[in-house]
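Visitor: Please give me a close look at one part of this structure, with the cut-offs stated. Then follow on to whatever else helps to place that part.

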Amino acid sequence: MATKTSRESVSTSPNGAPEAARQKRQFRFPTAFTVLFFVLLLVWGLTFVIKPGSYAYVSCAGSPPKPIPNSYQTASSDLSLRDRVYDLLLAPVNGLYGIRTPSDAVSAPPPDVVTAANEACGTVDGQQVPAQVMTAAGATGPYNVGDLAGAAGVFFFVLAIGAFITVTLKTGALEAGIAMVTDRFRTRGLLLIAILMVVFSIGGTTYGMAEETLGFYAVLVPLIVGLGYDRLTGVAMIMVGAGVGTLASTVNPFATGVASDGAAIPLGDGIGLRLLMYVVLTVVAVAYVLRYARRVKTDPAHSLVSGTEASAAAGTASLAGGDGSPAFSLRQKIVLAIFGLTFVLMVFAVIPWSDFNKSLEGITLGWYFPELAALFLVGAVVVGFVGGLGEQGTVASIIAGAGDFIGAALIIAIARGVTTIMNNASITDTVLSSLESVVTGLSSGGFATVMYLVNIPLAFLVPSSSGHATLAMPILAPTADFAKVSRAIVVTAYQAASGWVNLFTPTSAIVMGGLALGRVGYDKYLRFIWPLLAILLVSTVLLLLLGVAVPELGGSAG
């Protein structure tokens, strides 16, 4: 670094200005924290422009409340400027551990709302499903009583992952294992990338693998760098692999399952189109990443990662082995076995097996981020002692690992804070109502296309796939009946839009957290991903049109 600075101090540009001074004036894309800060300001500013309002909600047989179609009403805002500034300042705090006041039962709802609520819940075996009219959920704040709206679970999960990875690194087992894999795939790196992308895509399409991917960046990115590629290749392998699988979810209970329930259709309705979409779009995504990886391996000048990111890549390349690959001791093999089994248990524990078949209820653990954070903390302790770090070495490594990952964890909390600002200003339902009016009265082909497009801005505002589905499906699904289109098309369009947006949106904790862990700038990632986004958008629209034209694929209209 000192040599580079010295060289710049004596070189000049054609107009005689010092080269170092000229480079200092060049624009540098802001960090993820700055990007999210401006997104927060933008959304906060929109709360002054967009009129607040709310749907009436209904709880069907005790299920989570969902909006009743055509029940939206505007409301006057009682938020003062002081309240709005307070919400802005507390957005990161609310994004971490904010509590949202839950919905309340309406004691004496108007008769027309009761009728609409009964229609929204429907019947089972000729019997009306019990319908309770509810208010919309209230504001989010650190002192409220209700449901956790913040990302505290994900926050501590990321810190636990950092501790687990760092402890394993301190034992030397991860370095030795990566060196071994690197040596075996040194001439078959593209095959390894393709295999891992397919594995991540399977996780995405079956159970919506998202936050769980954050644990793989610290392991796989150095591996890919050691094979001669750049950090962006490693990040794309994970993020695009899982992302395109989630985009083309087939039986993902958190997207397809919640949406199908909200649309009042079976989970399997439209699965033919979703399977076709998964195969086509996964092939497209893998081919796109492999094309970039091949170009970078052939000529590193084609890498979009440069400057400090390239230096970071060079610093981690040694982790992936080389001429002086470390010996692989029995103790290190045991540590790697514990390391691998911990990740296998994580994946197994989050899959809702009973949703696929009731007979699998006995093996369904139903774990979420609190349990997963505990798993990795316990794993860090076990690995530390088995790896010979001792009590002090293990504790020091856990603290250091959590510290290394604190930046990514904070980004996740800030991203979640964007949603809390919208909810507290009561503009989320207003946006949803606008989308409802757009899709009403279109032809079947136009309906499928517009249904996909209108879900894109909603996905940006509500990055959670299950939250998006809960809000949108009760409103948008019934509009398919008027267009004589299967409601399954609405489900497929929603999840495709949600998955597409969550490949790049800065409001997604997965995108910003993954880039922070992979040490890739958001601007570099956007330059890489935008052509693929265009391809996926066009391909998805064409596949949706095919689903409308062939009801056997997309689902038959009710």
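Guide: Buried means under 20% relative accessible area, exposed means over 50%, and partly exposed lies in between (1.4 Å probe, protein chains only). This is a predicted model, in which local features need pLDDT of at least 70 and side-chain atom pairs count only at pLDDT 80 or more, while totals for chains, interfaces and linings use all residues. Residues are numbered from 1 along each chain as its sequence is written, and side-chain values use heavy atoms, with hydrogens and water left out.

The part to look at is helix α19, residues 428-439. Helices (H or I, at least four residues) and strands (E, at least two) are DSSP runs, numbered from the N terminus. Of the twelve residues of α19, nine are buried, which leaves the helix mostly covered. The buried set consists of Thr-428, Asp-429, Thr-430, Val-431, Leu-432, Ser-433, Leu-435, Glu-436 and Val-439. From first C-alpha to last, α19 reaches 18 Å, close to the 16 Å expected at 1.5 Å a residue; the expected span is 1.5 Å times one less than the number of residues. After α19 comes Gly-441, with a positive phi near 85°.

Helix α18 covers residues 406-424 and has 19 residues. Its C-alpha span, first to last, is 27 Å, close to the expected 27 Å. Like many of the positions listed for α19, most of α18 is covered, with 15 of the 19 residues buried. Ser-426 follows α18 and has a positive phi, near 60°.

Ile-421 of this stretch, together with Ala-425, helps to line the largest cavity. A cavity is a set of points on a 1 Å grid over the protein atoms alone where a 1.4 Å probe fits but cannot get out, and its lining residues have an atom within 4 Å of a point. The structure holds one cavity of 30 Å³ or more. The largest cavity contains about 40 Å³ of space, a volume being the space filled by probe spheres set on the points, which are joined across faces, edges and corners. Trp-44, Thr-47, Leu-79, Arg-84 and Asp-87 are also in the lining. By class, the lining has four nonpolar, one polar and two charged residues (nonpolar: Ala, Val, Leu, Ile, Met, Phe, Trp, Tyr, Cys and Pro; charged: Asp, Glu, Lys and Arg; polar: the others, Gly among them).

Two of these lining residues, Trp-44 and Arg-84, lead on to the aromatic contacts. A pair of aromatic rings is described by the distance of the centres and the angle of the planes. Rings of Phe, Tyr and Trp (its six-membered ring) pair if their centres lie within 6.5 Å; planes under 30 degrees apart count as stacked, over 60 as edge-to-face and the rest as tilted. Ten aromatic pairs turn up in a search of the whole structure. Trp-44 and Phe-48 have ring centres 5.0 Å apart and planes at 85°, so they form an edge-to-face pair. Trp-44 counts as buried because its relative accessibility is 18%, whereas Phe-48, at 43%, is partly exposed. Arg-84 lies over the face of Phe-48, 4.7 Å from the ring centre; a charge sits over a ring if NZ of Lys or CZ of Arg is within 6 Å of the ring centre and within 35 degrees of the ring normal.

Phe-164 and Phe-376 also make an edge-to-face pair, at 5.2 Å between centres and 65° between planes. This pair links distant parts of the chain, with Phe-164 in helix α6 (residues 152-171) and Phe-376 in helix α16 (residues 369-386), 212 residues apart. Both of these Phe residues, Phe-164 and Phe-376, are buried. Elsewhere, ring pairs link Tyr-288, Tyr-292, Tyr-525 and Phe-528 into a cluster.

Two further buried helix residues can be placed by C-alpha distance. Ala-469 belongs to helix α21 (residues 465-476) and is buried because its relative accessible area is 1%. Ala-469 is 215 residues from Phe-254 in sequence and 8.7 Å from it in space. Cys-121, in helix α5 (residues 111-121), is buried with a relative accessible area of 13%. Cys-121 and Ser-59 are separated by 62 residues in sequence and by 8.1 Å in space.

Positive phi also occurs in loops. Ala-61, between β2 (57-60) and β3 (66-67), has phi near 55° and is exposed at 56% relative accessible area. Arg-519, between α24 (509-518) and α25 (522-549), has phi near 60° and is partly exposed at 48%.

Definitions and conventions: 1 Å grid on protein atoms, 1.4 Å probe; cavity = no way out; pocket = protein on both sides within 12 Å on 5 of 7 lines; lining within 4 Å.
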